Amino acid sequence: MLEVRNLSMRFGGLLAVDQVSLDVQEHEIVSIIGPNGAGKTTVFNCMSGFYRPTGGEILFNDQPIHGKPDYKISRLGLVRTFQHVRLFNKMTVVENLLVAQHRHLNTNLIAGLLGSPNYRKREQKALDRATYWLDRVGLLELANREAGNLAYGQQRRLEIARCMVTEPRLLMLDEPAAGLNPAETRDLNQLIISLKEDYNVSVVLIEHDMSLVMEISDRINVINQGRPLASGTPEEVRQNDDVIKAYLGET
Amino acid sequence: MAAQNLKHALFCAIITLIIAYPILGLNLEAEGTQVVLEGADTVTVVSIALAAIVVFLFQLFRDTIMASLGRIPRLNPLANREPMEQGRRQRFETIALVLLVMAALAWPFFVSRGSVDLATLVLIYVMLALGLNVVVGLAGLLDLGYVAFYAVGAYTFALLSQYFGISFWLALPLGACLAALFGLVLGFPVLRLRGDYLAIVTLGFGEIIRILLNNMTWLTGGPNGIGGIPDPTLFGMEFGRRIKEEGNSSFHEVFGIAYSSEHKIIFLYLIALVLAVFTAVVIRRFTKMPVGRSWEALREDEIAARSLGLSRTSVKLSAFTIGAFFAGFAGTVFASKQGFISPESFVFLESAIILAIVVLGGMGSQIGVILAAIAVVILPELAREFSEFRMLIFGAAMVLMMVWRPQGLLPMRRIHIELKKQE
């Protein structure tokens, strides 16, 4: 479904990502792990079109997407969250979800001004979808609050819901568990598995929380200093000597 | 602490003396061919000294004074009231708005000609401010050259009527559309810019338009401006004493009433009112539509907006275009009201005033912006006796406003969306 081949990203003299390859199949959770500064987020930024990679290629459903503008990539169904939550803070929770469905709405100005049947129908559909996802992540009560006033864990969930209402094929989560307490992490765990099981979305995950990664990943890619270090099932990665040395620490 | 306060207050008082005395206390008098330096009269010197003492006292007790100022908003009896329930508030707002518009419709028939004229000006500023509110308040794009679109609207009407004899009603959509086109054209080069950089470019754009109008004398008459812009007609009825154009009839003859110059003023007021209401309603509707939401999303977080598939290009361009469209409206009405326009009406200060209206009213808030437009246009007129100090009062009022209510008169309130839980 997604194939990254020999991806390289150079910022001036710094080679942040060097020859990284990974692939994601339908119905799969793939994790990218590595020490801080290893280049994980840079890989994400290349995949979502924020950076134009300096080398290699990225294929989504056998279609090259490297170098495409970010908004076009997300319209293909490749949507991401951010390491630091990026919500539309002054807008309400529902509005955040409605903005995300821009692509599914009738954006014709005249139709909107006159309230044409098609416009109303699609607006209602978007509202229903927003309601469904708010209910799913447990934020329905807070629908008309300003997103910036939510608690941190709620903001994290809202960000995932905001991605899901766009009906993505592939979801990229950048450290979704950062700053969550153990109970919240457990909920998140289940949510991500359910995204895969119930909504048929593939997930690429960057995460530092090892228990989360090991538990839910189908496969793991390890990056160190921009270079791929190892890849395989959680079991294989756990046993890999290089990984233990580089990441889990030497004892 | 007290010693420090005293030192600071003394310093401020001395600075006041140093600045005020040479400017106000010394006069240059021409005596034959020579210029002689003379001290001002005692009254001036005493008032300068008094001013220095006031500054000294204020700085000395500054903390106490500011603290007591901070208590003032709490005197507001409505401050702690629970917000009204959603449905009731909406009904209440609708009724209030309808009553307000009806009052505004009937009002000009009972007041003087001067007030109606002023009210027309207020309505023009309301249109401008609502339009700029889209660009600055909703989309978060700081536009310092907004007056350019106003000028485009006004000059479109003036030029078309001068060269092709086009009427007000035809010029209205044309002026608005041409202004919108200019908005689109300005939008392209500034797509990548935000904040300060955008402000500078738009400032430059505003100046370009004004200077072009000033220098293209063969077309626009340059600084001499364009006169003789026709008044609007009502279904071919003119409001002048005599008919200017072939085929038109005159309003007072058709209705068999005595000619009065007030008819025209009131008619213009009503047109401005209808257009202002139209502007408010359309923009209000936009804010609930996908376009309006995408403007706000872009303001809140551009990167997140793009990651969700919003194209920065189309969102920014739509904000610029729609904002400019309504400025074009206002410009056409302005040209018709004045009957004469010159580049002098479209200087940077105008942009600054419109921006001040938006900021004072509360970014994104329509009612706030309308109230601020009324205040900003009418207050200087009321303070005519102090005409020398108009700008001073204006500035002071703004500083005080920003200290007390940095979020504006009536900050924007979110739209409440009722959700039905599904099974």
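This report describes the fold of chain A, one helix of chain B and the contact between the two chains.

The model is predicted: local features need pLDDT of at least 70, side-chain atom pairs count only at pLDDT 80 or more, and totals for chains, interfaces and linings use all residues. Residues are numbered from 1 along each chain as its sequence is written, while chains are lettered from A and ligands numbered from 1 in the order in which they are written.

## Chain A as a whole

Chain A contains ten helices and ten strands. Helices (H or I, at least four residues) and strands (E, at least two) are DSSP runs, numbered from the N terminus. A compact globule of 251 residues would have a radius of gyration near 18 Å, and the 19 Å of chain A agrees with this. That radius is taken over C-alpha atoms, and the globule rule is 2.2 Å times the number of residues to the power 0.38. Along its principal axes, the C-alpha trace of chain A spans about 65 × 40 × 30 Å.

Of the 251 residues of chain A, 45% count as buried. A residue is buried if 20 or more other C-beta atoms lie within 10 Å of its own, exposed if 12 or fewer, and partly exposed in between, with C-beta atoms placed from the backbone. Among contacts in chain A with a separation of 6 or more, 65% come from residues 24 or more positions apart. Two residues are in contact if their C-beta atoms, placed from the backbone, lie within 7 Å.

## The two sheets of chain A

Strands of a sheet pair through backbone hydrogen bonds, either parallel or antiparallel. Two strands are said to pair here if DSSP finds at least two bridges between them.

One open sheet of chain A has six strands in the order S6-S7-S8-S3-S9-S10, with mixed pairing. Its edge strands, each pairing on one side only, are S6 (78-80) and S10 (227-232) of chain A. On average, neighbouring strands of this sheet are turned by 20° against each other, direction ignored. Strand S9 (residues 219-224) of chain A runs antiparallel to S10(A), and five bridges join them. Within S10(A), A:Pro228 stands opposite A:Ile223. Helix H7 (residues 182-199) of chain A lies across S3 (29-33), S7 (170-174) and S8 (202-206) of chain A, and runs at about 155° to S8(A). For such angles, axes are lines fitted to C-alpha atoms, for helices over the stretch in contact, and angles run from 0 to 180 degrees between N-to-C directions.

Another open sheet of chain A has four strands in the order S2-S1-S4-S5, with antiparallel pairing. Here the edge strands are S2 (14-24) and S5 of chain A, each of which pairs on one side only. Seven bridges link S1(A) and S2(A) in the antiparallel sense, and A:Glu3 has A:Asp23 in S2(A) as its bridge partner. Helix H1 (residues 40-47) of chain A packs on this sheet, touching S1, S2 and S4 of chain A, and its direction makes about 115° with that of S1(A).

## Two residues with positive phi

Most residues other than glycine have a negative phi, and most peptide bonds are trans. The table lists two asparagines of chain A with a positive value.

| Residue | Phi | Place | C-beta neighbours within 10 Å |
|---|---|---|---|
| A:Asn6 | near 50° | strand S1 (residues 2-11) of chain A | 13, partly exposed |
| A:Asn61 | near 50° | loop between S4 (55-60) and S5 (63-64) of chain A | 14, partly exposed |

## Helix H8 of chain B

Helix H8 (residues 195-215) of chain B has 21 residues and should span 30 Å at 1.5 Å a residue; its end C-alpha atoms are 30 Å apart, which agrees. The expected span is 1.5 Å times one less than the number of residues. Buried residues of H8(B) include B:Leu198, B:Phe205, B:Ile209 and B:Leu213. The buried residues cover an arc of only 125° around the axis, so they lie on the same side of H8(B). This arc is that of the directions from the helix axis to the C-beta atoms. On the other side of H8(B), B:Asp196, B:Tyr197, B:Gly204 and B:Ile211 are exposed. The buried residues pack against helices H6 (147-164), H7 (168-187), H9 (217-220) and H15 (348-361) of chain B.

B:Leu193 lies in the loop between H7 and H8 of chain B. With 16 C-beta neighbours inside 10 Å, B:Leu193 is partly exposed. Leaving aside neighbours within four places in sequence, B:Leu193 is in contact with B:Leu198 and B:Val201.

## The contact between the chains

The contact takes 36 residues from chain A and 26 residues from chain B. On the side of chain B that touches chain A, the elements giving two or more residues are H11 (262-287), H12 (290-300) and H13 (302-307) of chain B. H12(B) gives the most to this side, with seven residues.
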